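Reader: I would like a close look at a single part of this model, the surroundings of the ligand, together with the framework of strands and helices to which those surroundings belong. Please take it step by step and keep the description connected.

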Amino acid sequence: MKVTEHFAKAKGKTLISFEVLPPLKGGSMETIFSTLDVLMEFKPPFIDVTYHREEYIYKVRPSGYYEKAAIRKRPGTVGICAALMHRYEVDAVPHLICGGFSTDETENALIDLNFLGINNVLALRGDARQFEERFVPHEHGHKYALDLVRQMVSMNEGKYLDPDIVNGQKTDFCIGVAGYPEKHFEAPNFDVDLAYTKKKVDAGAHYIVTQMFFDNQRYFDYVDACRNIGIEVPIVPGLKPLTKSYQLNSIPRKFFVNMPKDLVNEALKAKDQEAIRQVGIEWCIQQSRELKAAGVPCLHYYTMGDTDTIRQIAAAVS
Ligand code: FAD
């Protein structure tokens, strides 16, 4: 079932969903199963699986020379989605990114997803790689998530890149895109960023999932701003609890979001790591309850491998 059909079927009830990361290369599916076996009690209608593009590392050869080698730390998004749908009664939402893919490769990935019966996709641009100053698209790939949305919409209309395909079978993808209540870090200002988000929706995206935020007012203002410029699709809040002291710096640095004064003060007062985790859990529960009371379609939790924390929050909210 499509993500938007789940929202419609829920008739205003707030759903709960989770995002998981593929295991590290060489790891096993058990790491994901052990996370989800616990979280399935909350009956998520869909699970997102992130995509991680290759990174480059430098290996020292016996000759002493360095060799640049591409490594994939977390492969397997598509296979993991198929495995999740097979094991649980749940829809899987693979994240698909522009970075590292030619449009042909993207088409092939979408054809595979269609064959597997996976018809939800979160369409993203992806970030710059570790050694790049800015995002560099594949020379035959997409520059923006907007272009990926357009490619998927074309396939939904039966139009493929390959000119030899005539009367191609229509796919039926439900397309999600990212939104940023605190603005995407590269955008010159909030309004410009929002206008680009509207383009993704006008091009055919069916729903938006937000970047994490710690102040619900940011989300409420974002939804108002979207509605004011005519974005009508569901806007799913993405939530991640603070759990460790170093995240007071790493989360703002990595995700370009602010942490409210009260949350930071409470975390700084905490005696140890467990006390900080409890502050983060309590904060996220309050955020979730307020969002649920406001009638959001779904609370979408970024699990980041921390099953216990997410389970405590989901249990308090459901
Ligand atoms: P875009 O919508 O393409 O926007 C990127 C930037 O370009 C923005 O500043 C925007 O304002 C600007 N822009 C957009 N269109 C145009 C245009 N036509 N002309 C000029 N400027 C334009 N990354 C991963 O690698 N894997 C994941 O699994 C993943 N999952 C994510 C899930 C969520 C919910 C979110 C919020 C982010 C996720 N990311 C993931 C991170 C994401 O790839 C980065 O935030 C990336 O920098 C931007 O992706 P986007 O799809 O928002 O890009």
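Author: A residue is taken to be near the ligand if one of its heavy atoms lies within 4 Å of it. The model is a predicted one, and in it 23 residues surround the ligand, the closest being Asp127, Tyr180, His184, Asp193 and Lys200. Sorted by class, this shell consists of 12 nonpolar, 6 polar and 5 charged residues.

Two of the closest residues, His184 and Lys200, also appear among the side chains that place a polar atom beside the ligand. A polar side-chain atom of His184 lies 2.7 Å from an oxygen atom of the ligand, and an N or O atom in the side chain of Lys200 is likewise 2.7 Å from a ligand oxygen atom. For Tyr144, the partner is a nitrogen atom of the ligand, which lies 3.5 Å from a polar atom of the tyrosine side chain. As for cover, the ligand taken alone exposes 980 Å², and the protein buries 86% of that area.

Turning to the elements behind the shell, strand S5 (91–97), strand S6 (120–124), helix H6 (190–203) and strand S8 (207–210) each supply at least two of its residues, and the largest share, 3 residues, comes from H6.

The three strands just named, S5, S6 and S8, are members of an open sheet of 9 strands, paired in parallel and ordered S9-S8-S7-S6-S5-S2-S1-S11-S10. The edges of this sheet are strand S9 (235–236) and strand S10 (238–239), each of which pairs on one side only. Elsewhere in the sheet, strand S1 (residues 15–20) runs parallel to strand S2 (residues 46–49) and is joined to it by 3 bridges, with Glu19 standing opposite Asp48 in S2. Helix H1 (residues 3–10) packs on the sheet, where it touches S1, S2, S5, S6, strand S7 (174–179), S8, S9 and strand S11 (298–302), and its direction makes about 155° with that of S1. Helix H5 (residues 145–156) lies across S5, S6 and S7, and it runs at about 150° to S6.

A further pair of strands completes this description. Strand S3 (residues 55–60) and strand S4 (residues 66–71) pair in the antiparallel sense over 6 bridges, and Ala69 in S4 is the bridge partner of Ile57. The hairpin of S3 and S4 has 5 residues between the strands, and Gly64 in this hairpin takes a positive phi near 95°.

Definitions and conventions:
Residues are numbered from 1 along each chain as its sequence is written. This is a predicted model: local features need pLDDT of at least 70, side-chain atom pairs count only at pLDDT 80 or more; totals for chains, interfaces and linings use all residues. Side-chain values use heavy atoms; hydrogens and water are left out. A polar contact is a pair of N or O atoms within 3.5 Å; within protein, one must be able to donate a hydrogen and the other to accept it, and residues adjacent in sequence count only if both atoms are side-chain atoms. Accessible areas come from the Shrake-Rupley method with a 1.4 Å probe; for residues, only the protein chains shown count as cover. Helices (H or I, at least four residues) and strands (E, at least two) are DSSP runs, numbered from the N terminus. Ala, Val, Leu, Ile, Met, Phe, Trp, Tyr, Cys and Pro count as nonpolar, Asp, Glu, Lys and Arg as charged, and the others, Gly among them, as polar. Two strands pair if DSSP finds at least two bridges between them. Contact means heavy atoms within 4.5 Å. Axes are lines fitted to C-alpha atoms, for helices over the stretch in contact, and angles run from 0 to 180 degrees between N-to-C directions.
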